[in-house]
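Colleague: I'd like to understand the labels you put on a model before I rely on them. Could you walk me through the reasoning, one term at a time?

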Amino acid sequence: MILYLDARTTVKDLMIDYIEVELANRETASLNWDESDIGRADDGFSARYKGVYFGEVYANGRLEQLQDMKITDIGLYSESDTPPNICKINVTLPAKKIGNYFPETYSKEQIEEVIFMLLDKWKENREGVADAEDTV
């Protein structure tokens with residue numbers, strides 16, 4: 001699996017050492033990778049991580065767990081005197097993988113609409129669960 005990441009930072013040589021996530025099944029895992037390519041810009045960097053795995057297990061075939069993941073910690077590394085920081089981070093999943101869940105005739109906009117609709121429903125369900133837990 002390939003994971004794409006865009007980060008905005010003021011630290012010119014910032015690197016991401018590891019990413020800790022909570023998966024959809026509530027399991028905590030450290031995302032690791034075999035290879036990385038990093039492109040730098042004035043306001044941050046873009047990275048491509050190839051051969052992604054959760055702890056010791058490759059992420060191939062586990063896309064459904066990534067879709068609901070939450071980033072819980074990011075290990076940052078820099079050799080500069082500036083404290084490492086990231087002010088914004090975007091994680092992108094390959095369109096080819098997501099495309100497996102939609103008809104070929106769907107446009108990017110239609111796919112995004114369905115994904116956001118499902119996320120809204122998921123959020124509503126999560127809020128309902130939280131409300132129910134508070135009343136028990």
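Modeller: Happy to; we'll go from the overall layout to salt bridges, burial, polar contacts, the core and the surface. This is a predicted model, where local features need pLDDT of at least 70 and side-chain atom pairs count only at pLDDT 80 or more, while totals for chains, interfaces and linings use all residues. Residues are numbered from 1 along each chain as its sequence is written, and side-chain values use heavy atoms, with hydrogens and water left out.

Colleague: How do you know what counts as a helix or a strand here?

Modeller: Both are DSSP runs, numbered from the N terminus: a helix is H or I over at least four residues, and a strand is E over at least two. By that rule the protein has three helices and nine strands. In sequence order they read β-β-β-β-β-β-β-α-β-β-α-α.

Colleague: What makes D43 and R8 a salt bridge?

Modeller: The term asks for a side-chain nitrogen of Lys or Arg within 4 Å of a carboxyl oxygen of Asp or Glu. In this pair the N to O distance is 3.7 Å, so the 4 Å limit is met. The two residues are 35 apart: R8 sits in strand β1, and D43 in the loop between β4 (35-41) and β5 (44-50).

Colleague: Which other pairs pass, and how many bridges are there in total?

Modeller: The whole structure holds three salt bridges. R26 and E22 meet at 3.1 Å, and D37 and R48 have their closest N and O atoms 2.6 Å apart. D37 is in strand β4 and R48 in strand β5, so this bridge ties together parts eleven residues apart in sequence.

Colleague: Why is D43 called partly exposed?

Modeller: Buried means under 20% relative accessible area and exposed means over 50%, with partly exposed in between (1.4 Å probe, protein chains only). D43 has 42%, so it falls in the middle class. R8 and R48 are partly exposed too, R8 at 28% and R48 at 28%. D37 has 40% and R26 has 41%, so both of these take that label as well.

Colleague: Then what makes T9 and S78 buried?

Modeller: T9 has a relative accessible area of 5% and S78 one of 15%, and both values are under 20%, so both are buried. Across the 136 residues of the protein, 26% get that label.

Colleague: How do you know that S78 makes polar contacts?

Modeller: A polar contact is a pair of N or O atoms within 3.5 Å; within protein, one must be able to donate a hydrogen and the other to accept it, and residues adjacent in sequence count only if both atoms are side-chain atoms. The side chain of S78 reaches that of D13 at 2.5 Å and that of S80 at 3.0 Å. S78 itself lies in the loop between β8 and β9 (88-92). In the loop between β1 (2-8) and β2 (15-22), a polar side-chain atom of T9 is 3.2 Å from the backbone nitrogen of V11.

Colleague: What makes a group of residues a nonpolar core?

Modeller: It is a set of buried Ala, Val, Leu, Ile, Met, Phe, Trp, Tyr and Cys residues joined through side-chain atoms within 4.5 Å. The largest one here has 20 residues, and L31, F45 and Y49 touch the most other members. Strands β1, β2, β3 (28-32) and β5 each supply at least two of its residues. Taking contact as heavy atoms within 4.5 Å, and leaving aside neighbours within four places in sequence, F45 meets residues including L5, A7, L14, I16 and I38.

Colleague: Last one: why do M15, I38 and Y77 count as a patch?

Modeller: Patch members have over 30% relative accessible area and no salt bridge; like charges are joined within 9 Å, and nonpolar side chains (Val, Leu, Ile, Met, Phe, Trp, Tyr) within 5 Å. Y77, in strand β8 (residues 70-77), has 44% and is partly exposed, so it clears the 30% limit. Together the three present about 240 Å² of accessible area, a quantity that comes from the Shrake-Rupley method with a 1.4 Å probe, only the protein chains shown counting as cover for residues.
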